[in-house]
Amino acid sequence: MTLIGKPCDISPSDITPKQVYLDRRSLMLAGALGLLLTNPALAALAFRKSPFSSRDKPNSLKDISHYNNYYEFGSSKSDPAEQAGQLKTHPWNIVVDGAVEKSRSFSLEQLMQFPQEERIYRLRCVEGWSMVIPWIGFPLATLLKQMRLTSKARYVAFETLNRPSQMPGQAEGLLAWPYREGLRIDEAMHPLTLLAVGLYGEVLPNQNGAPIRLVVPWKYGFKSIKSIVRIHLMETQPQTSWNLAAPTEYGFYSNVNPAVEHPRWSQANERRIGEFLRRPTLPFNGYGSQVAQLYHGMDLRKNF
Ligand SMILES: Nc1nc2c(c(=O)[nH]1)N[C@H]1C(S)=C(S)[C@@H](COP(=O)(O)O)O[C@H]1N2
Ligand SMILES: [Mo]
């Protein structure tokens, strides 16, 4: 398998404890609040750098956490940063059920036990902008391999939390709530497919999908569902919120494809947030050497 750029050599010095990102003041504050000692999910976000990282320069933390799509908190880019603080992300569990021999619930603390990596990925939104984000997380495959899947497990469906009391956008009928997404099982098992629990060395800001969200870097941003509470293995292709809302605009696959237009605009190029000139959009968002073979023989115009 080819990697993006050159794989970096991973040495023990690349294992970066969360503490190096914290200044003295925030460390003392975290200590005073008891976070570092009593909450294992927040204490030890240690990770190693991944050879799967893009070499593009990451966007600033400010851009990444203040220009968001998270319709549960409103439909403008600034709404999530203003509104998502009210979401309570602890305690948190993900239920894995459906086509498995035995359903299981994973607490956030259990999920944090999986080896964590920093993965710098490009994110291409269907609206025509892109960002580069240094995620921290683990492959979805790591979680799925904990389960015994049955032969009916051909697709994976994901669901976001449904909690209108803390997610004001869910009172509006913009989308079918809870937000739903899905992948084919081979896409879900692909080593690039990540469950992210942090970014820039910290736990995820709420507006980026805390405490745990999906990241599928070769697909348009809306596939990367936030604040996941359920992973359901299925035999048939799951429904997705955006496909239900506008089936001619948002298909199931949603692979980044500059050659297939959105009905209302071109997908040929994109604006990297923070840059002025638009840049050409790459097939599969530049991850084609790793994922194109998943779609061998498929008509990607029909399966958009
Ligand atoms: N639950 C949920 N997940 C979601 C969305 C949403 O509205 N609700 N928006 C999607 C879209 S359109 C994009 S582009 C990305 C944005 O992720 P970011 O804000 O962390 O950059 O989240 C995706 N995940
Ligand atoms: Mo998006």
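# A guided tour of the model

Begin with Pro 211, which you will find in the loop between strand E9 (202-203) and strand E10 (213-215). Show the backbone here: the peptide bond joining Ala 210 and Pro 211 is cis, with omega about 0 degrees. Keep in mind throughout that this is a predicted model.

**Stop 1: another cis peptide**

Now select Trp 177 and Pro 178. A cis peptide bond joins them too, and its omega is about -10 degrees. Pro 178 sits in the loop between E6 and E7, and those two strands lead us to the sheet.

**Stop 2: the five-stranded sheet**

Switch to a cartoon view and pick out E3, E2, E11, E6 and E7. In that order they form an open sheet of five strands with mixed pairing. Its edges are strand E3 (104-107) and strand E7 (180-184), each of which pairs on one side only. From one strand to the next, the twist averages 20 degrees.

Walk through some of the pairs:

- Select strand E2 (residues 93-98) and strand E11 (residues 228-234): they run parallel and are joined by four bridges. Within E11, Arg 230 stands opposite Val 95.
- Move to E6 and E11, an antiparallel pair with six bridges. Ala 157 has His 232 in E11 as its bridge partner.
- Finish with E6 and E7, also antiparallel, over five bridges. Here Glu 159 has Arg 180 in E7 as its bridge partner.

Is strand E6 enclosed by the rest of the structure, or open to the outside? Turn on a surface and look at residues 155-160: five of the six are buried, so strand E6 is largely enclosed by the rest of the structure.

**Stop 3: Thr 240, beyond E11**

Follow the chain out of E11 to Thr 240, in the loop between E11 and helix H9 (241-245). Thr 240 has a relative accessible area of 1%, so this residue counts as buried. Which residues does Thr 240 contact, leaving aside its neighbours within four places in sequence? Select Arg 180, Glu 181, Gly 182, Lys 223 and Phe 252 to see them. Arg 180 is a residue you have already met, as the partner of Glu 159.

**Stop 4: the nonpolar core**

Next, colour the largest nonpolar core, which has 75 residues; Trp 135, Leu 143 and Ile 231 touch the most other members. Strand E5 (residues 129-139) gives the most to this core, contributing six residues. In soluble globular proteins, nonpolar side chains tend to be buried together.

Zoom in on Trp 135 and display its surroundings. Not counting residues up to four places away in sequence, its contacts include Leu 123, Leu 194, Ala 196, Leu 199, Leu 204 and Val 215. Charged residues touch Trp 135 as well, among them Glu 117, Glu 118, Arg 119 and Arg 213.

**Stop 5: Ser 50 and its polar contacts**

Arg 119 takes us to Ser 50: their side chains are joined by a polar contact of 3.0 Å. Ser 50 lies in the loop between strand E1 (48-49) and helix H4 (61-66). Its relative accessibility is 2%, so Ser 50 counts as buried. The Ser 50 side chain also reaches the backbone nitrogen of Phe 52, at 2.9 Å.

**Stop 6: ligand 1**

Centre the view on ligand 1. It is surrounded by 16 residues, and the closest are Asn 68, Tyr 71, Glu 72, Ser 224 and Lys 226. Three distances are good ones to draw:

- From a backbone N or O atom of Tyr 71 to an oxygen atom of ligand 1: 2.7 Å.
- From a backbone N or O atom of Ser 224 to a nitrogen atom of ligand 1: 2.9 Å.
- From an N or O atom in the side chain of Asn 208 to an oxygen atom of ligand 1: 2.9 Å.

**Stop 7: two positive phi values**

Select Ser 254, in the loop between H9 and strand E12 (269-272). Although Ser 254 is not a glycine, its phi is positive, at about 55 degrees. With a relative accessible area of 3%, Ser 254 is buried.

Then go to Phe 284, in the loop between strand E13 (279-280) and H10. Phe 284 also has a positive phi, near 50 degrees, in a residue other than glycine. At 10% relative accessibility, Phe 284 counts as buried.

**Last stop: Arg 301**

Finally, select Arg 301, in the segment after helix H10 (288-291). Buried or exposed? Its relative accessibility is 55%, so Arg 301 counts as exposed. Beyond its neighbours within four places in sequence, Arg 301 is in contact with Ala 259 and Val 260. A polar atom of the Arg 301 side chain lies 2.9 Å from the backbone oxygen of Ala 259. Add Asn 257 to the view: Arg 301 and Asn 257 are 44 residues apart in sequence, and their C-alpha atoms are 9.1 Å apart in space.

How values were computed: Residues numbered from 1 in each chain as written. Chains lettered and ligands numbered in written order. Predicted model: local features only at pLDDT ≥ 70, side-chain atom pairs only at ≥ 80, totals over all residues. Heavy atoms only, no water. Core = buried A, V, L, I, M, F, W, Y, C linked by side-chain atoms within 4.5 Å. Buried < 20%, exposed > 50% of the residue type's maximum accessible area, 1.4 Å probe, protein only. Contact = heavy atoms within 4.5 Å. Pairing = 2+ DSSP bridges. Axes fitted to C-alpha atoms, helices over the stretch in contact; angles between N-to-C directions. Near = heavy atom within 4 Å. Polar contact = N/O pair within 3.5 Å; in protein donor to acceptor, adjacent residues only side chain to side chain.
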